[in-house]
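Reader: I'd like a close look at one small stretch of this model, and then a walk outward to the packing and the charged pairs elsewhere. Can you go slowly enough that I can follow along in my viewer?

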Amino acid sequence: MMKMEFLNKNLLRWQWRILRRERVVQIAVGLLLLACSYALFNGFTEANSQQRDVLASQAFQNALFDKTRQTLAAYEQKTPAEEGARAAPNAAATVRDELANFKAVLPPAPAAPLAVGQSDLYPQAYYYRKFNDDSPAQATVDGRSLSNVFPQKLTANPLRLLTGRFDLAFVLLYIFPLLIIALSFNLIAAEAESGTLALFLSQPVTLGTLVMSKTLIRFALVAVTAILFPALSVAFVGLFTRHGLSFWRLVIWSLAAAGYGIFWFALALYINNRRKSSVHNALTLAVGWLGIVIILPVITGLAAQIIFPVPSSLMIADKERAIRTEAQEKATHSTDLLRTNFAARFPPQPDEKAASPRLNTLRNSEYLSVPETDDLLSDYFRRHPEWKQHVTYSRMIFAIQQARDEYIEAQLFPLLEAAEKQRARQEAFVNVSGLLSPAIVLQKVLSDVAGTGATRHQNFVRQFDEYVRRRNQFFAARVFQGQPITSTEISDSLKFVFHEEGMSKLLQRVTWPLLLLLLLPVSLMVWGIRIYRKPSLTETRNLTH
């Protein structure tokens, strides 16, 4: 009975004929199609830019590895007489420095064209380079800069950073509801104001049937324009580019957008049921859009920042600069002590240069002890007792560099860890507050599905941190063990490769927000349809006048 009451094919055809003849509707739908097309163009352009950055980084690193491998292979073919007195290029410290100065780039997300995200908040690349005393602290908004790892500096139009990028997520969040409001603010008010509502209701058609027919045909129109068209476009373009995405990501994205649209239709049903004028309905829905899409997310973000404040990037940069200066002073002091002790034990001969073959041989063969007054090296070998034995002058220099970097990381890590915890608390607060605004929930789901949110960036940073530590441990062990690096060991295992998370983890994160986006709007829609009843003669007259 319910299905027969609320589905009328004749009314659907009639409503479709009216909508497609409305010039305003044609203009609105055309503008939305243009907005979606331009947003998709921006999305693919940004994804292509990131892909070029990834390919350039990979090409640079491959060339670096090939050059180092060829150098080692050529050196391995030399006889001892041909080697000369120069430092061996296969020394672990030398190879480590040769393979430094590269950039790890986060590849384009699996569905990056759908939502570009905010790369000003989440740097897409980190540099790994040899320590340089003149290198300035490069703390960005996320404030991350550990040891030899520096975030990529980003420059962008300040207005674009303020408003966000014009991508498909922007269209769905802000423009999509406006089209729904424009199509649904006068579901019954137009007939009431023109005096035809009473004529309609005198026929064997209920008010619920009329409203449902109008709502369904309008939902189908906006769904095809803002959901089906972009989804098919992305799927089609993905067949010919590197930016193909999985079927399930596209399904989740479409369901989230549909749930968001149903919410706005449900809100329009409730406003129309109040039996006010078209102007009143339009103003009420516009205020609702302003509050739900603009004001509530802003208030939620400000509240999260006030309740869980994160240290400013300027404060982090100042502390980082002070820590690096202190670490360099400690390293200089350790180097001076080492040189003094070495000169006292192996005094240079008259007119002998500091880089003479004899002294170079002594630096690489004679074992030295760590000075008791050297706090930096003492702490380092206390953490790495396995490397304290058989330490030469050259290995001690390497140890000073390692100790300096570890000191910087040890001092910076608590500060950055505290900032990360505060950001996690902010995100949790915003997620809970998302119950007040479906726009917040949609933004989270779209960024997770597109892979341009905080979660994927945190995974990228975690993998890169693990890679840097694993790389440093590999070369440090070879230096202190005195083992050279062979050409066959310069393989892809020493390169950074980002590994995407599995689909199961994505589903775990988006299941509850997606259910919230679907069940709540559908429940509101069902409730909104059921509350419609045939207005009394008095109400009809009030609407008419």
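Author: One cut-off before we zoom in: a residue counts as buried when its relative accessible area is under 20%, as exposed when it is over 50%, and as partly exposed in between. Also keep in mind that this is a predicted model. The mean pLDDT is 78, and 82% of the residues score at least 70.

Now the small stretch, strand β1, residues 102–105. In a regular strand, side chains alternate between the two faces of the sheet. Here Phe 102 and Ala 104 sit on one side of β1, with Lys 103 and Val 105 on the other, and all four are buried, so both faces are covered. Yes, that includes the lysine, Lys 103. The strand's partner is β2 (residues 125–128), paired with β1 in the antiparallel sense over four bridges. One pairing to click on is Val 105 with Ala 125 of β2.

On to the packing. The largest nonpolar core has 64 residues, and those touching the most other members are Leu 114, Leu 172, Phe 176, Trp 253, Tyr 260, Trp 264 and Leu 442. Several helices supply at least two residues each, among them α3, α7, α10 and α12. The top contributor is α11, with 15 residues. Try Trp 253 as a viewpoint: leaving out residues up to four places away in sequence, its contacts include Leu 114, Leu 172, Ile 227, Pro 230 and Val 449. Apart from this core lies another one, of 39 residues, including Leu 368, Trp 387, Tyr 407 and Ala 476.

Helix α15 (residues 375–383) is worth a stop too. Its buried residues are Leu 376, Leu 377, Ser 378, Tyr 380 and Phe 381, and they pack against α13, α16 and α18. Where α15 starts, a side-chain oxygen of Asp 374 comes to within 3.3 Å of the backbone nitrogen of Leu 376.

The charged pairs pick up from there. Side chains of opposite charge can pair when their charged atoms come close. A search of the whole structure turns up 15 salt bridges. In one of them, Arg 383 and Glu 406 have their closest N and O atoms 2.9 Å apart. Arg 383 belongs to α15 and Glu 406 to α16, so this pair links parts of the chain 23 residues apart. Glu 406 has 25% relative accessibility, so it counts as partly exposed, and Arg 383, at 45%, is partly exposed as well. Arg 404 and Asp 405 also form a salt bridge, at 3.5 Å from N to O, but both of these residues are buried.

Farther along α16, Glu 420 and Arg 423 meet at 3.4 Å. They are three residues apart, which means about one helical turn separates them. Glu 420 is partly exposed at 28%, and so is Arg 423 at 23%. Shared partners also join Glu 427, Lys 444, Asp 448, Glu 501 and Arg 509 into one salt-bridge network.

A word on where to be careful: mean confidence bottoms out at 44 in helix α6 and peaks at 91 in α7. Over residues 132–144, pLDDT stays under 50, and the same goes for residues 534–541.

Key: Residues numbered from 1 in each chain as written. Predicted model: local features only at pLDDT ≥ 70, side-chain atom pairs only at ≥ 80, totals over all residues. Heavy atoms only, no water. Core = buried A, V, L, I, M, F, W, Y, C linked by side-chain atoms within 4.5 Å. Buried < 20%, exposed > 50% of the residue type's maximum accessible area, 1.4 Å probe, protein only. Contact = heavy atoms within 4.5 Å. Polar contact = N/O pair within 3.5 Å; in protein donor to acceptor, adjacent residues only side chain to side chain. pLDDT = per-residue confidence, 0-100. Pairing = 2+ DSSP bridges. Salt bridge = Lys/Arg side-chain N within 4 Å of Asp/Glu carboxyl O.
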